[in-house]
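User: I have a model open with protein and DNA in it. Can you walk me through what it shows?

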Protein chains: 2
Amino acid sequence: MPDEDSLPEAHEQAARFTQVREAHKTEATEDYVELIDDLIRVNGEARLVDVASRMGVTQPTASKTLARLQRDGFINSEPYRSIFLTDQGKTLANESRLRHEIVFNFLLAIGVSRDAAVRDSEGMEHHVSEETLKVFEKVIRQNSK
Amino acid sequence: MPDEDSLPEAHEQAARFTQVREAHKTEATEDYVELIDDLIRVNGEARLVDVASRMGVTQPTASKTLARLQRDGFINSEPYRSIFLTDQGKTLANESRLRHEIVFNFLLAIGVSRDAAVRDSEGMEHHVSEETLKVFEKVIRQNSK
DNA sequence: CTTATAATTTAGCCTAGGCTCAGTTTATAC
DNA sequence: GTATAAACTGAGCCTAGGCTAAATTATAAG
């Protein structure tokens, strides 16, 4: 039961929520470039139809999001053609994949089932700070010995 | 380097992203009721001005969100008066607080600093499944021995 | 080589959640 | 008890990210 002292300072609490909102803004971008990178590796190219079906959205929704990614310099694509990552997009995709893998392997390491780890790492990866990520890596290393 | 087999089935991958999007929809609601509950405990009442400053948004933004929470049955409030949680709101606030505390204590238990734990638990709490939460609790118990 | 199908885009609509600026209501201070 | 300040609301705008329906372009089949 919290008492008077139990509330953090308003501006600190506000800063945290603001930070979470910032993270949300980049989530879609990260998820899309990560997926596009996967599709290129595995299929040789990334097509909108696959992006849409794997993101679980309709094609017009994927199309609109991809237009934003292009506007912001993460991808390149000609109308009706397949999608390419820019250097900026590749960098973000690599960072996202690494982070995703660390969170996933960490969950496995502490005993979470493969299924839940797959599901939870998708949402968690965007909200883990560098510091926490380092701790996750340490736990993974300890467990693999 | 992924090969042909490395992509999950499209419908499974889609289901995960859809699930994360669902979680996002309830995030704001959970954060607001949790905060309102805290304010009532500590201050005796929850006022919009405090909700806004602690969420890090302007008063009109908080006002609009609170209108939605009222529409959806989580809070009650008369115009220009303070905010009360409905039973549904209280239930959600309790669940959110519990979940938040588990994630926070788990991060501390594995060696994350207090500051980072405070920050990361805010974003992570909405993306941790029941199964993973149980594992987190187990780790907390092991560490407190 | 034409026709049918599949992929992509465009247009238009919706909700959530940000914002500013202006107005109204409530509380506070003389 | 009235003036000022603080709290709250309302109007209107923006972006992101969902959707459907319809048009366009590219591809495949005969």
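**DNA contacts and the core**

Analyst: A side-chain N or O atom of A:Tyr80 lies 3.4 Å from a base oxygen of DNA strand D, a polar contact, meaning a pair of N or O atoms within 3.5 Å. This is a predicted model, in which local features need pLDDT of at least 70 and side-chain atom pairs count only at pLDDT 80 or more, while totals for chains, interfaces and linings use all residues. Residues are numbered from 1 along each chain as its sequence is written, chains are lettered from A in the order in which they are written, and side-chain values use heavy atoms, with hydrogens and water left out.

User: Which polar contacts reach a phosphate oxygen of strand D?

Analyst: The side chain of B:Ser63 places an N or O atom 3.0 Å from a phosphate oxygen of DNA strand D, and a backbone N or O atom of B:Leu48 is 3.4 Å from a phosphate oxygen of that strand.

User: How many residues surround strand D, and which are closest?

Analyst: There are 20 residues around DNA strand D, the closest being A:Lys64, A:Arg68, B:Arg21, B:Arg47 and B:Val49; a residue is near a strand if one of its heavy atoms lies within 4 Å of it. H3(A) gives the most to this surface, with five residues, where helices are DSSP runs of H or I with at least four residues, numbered from the N terminus.

User: And which polar side chain contacts a base oxygen of strand C?

Analyst: That is B:Tyr80, with a polar side-chain atom 3.4 Å from a base oxygen of DNA strand C. On the phosphate side, a backbone N or O atom of B:Thr58 is 3.0 Å from a phosphate oxygen of DNA strand C. The largest share of the surface near DNA strand C comes from H3(B), with five residues.

User: Switching topic, which residues have the most contacts inside the largest nonpolar core?

Analyst: They are A:Leu107, A:Ile110, A:Phe136, B:Leu107, B:Ile110 and B:Phe136, in a core of 30 residues. A nonpolar core is a set of buried Ala, Val, Leu, Ile, Met, Phe, Trp, Tyr and Cys residues joined through side-chain atoms within 4.5 Å, with buried meaning under 20% relative accessible area for a 1.4 Å probe and protein chains only.

User: What does A:Ile110 touch?

Analyst: Leaving aside neighbours within four places in sequence, A:Ile110 is in contact with A:Val139, B:Phe106, B:Val135 and B:Phe136, where contact means heavy atoms within 4.5 Å.

User: What comes just after H4(A)?

Analyst: A:Gly111 follows just after H4(A) and takes a positive phi of about 105°.

Technical notes
Buried < 20%, exposed > 50% of the residue type's maximum accessible area, 1.4 Å probe, protein only. Helix = DSSP H or I, 4+ residues; strand = E, 2+ residues; numbered from the N terminus. Polar contact = N/O pair within 3.5 Å; in protein donor to acceptor, adjacent residues only side chain to side chain.
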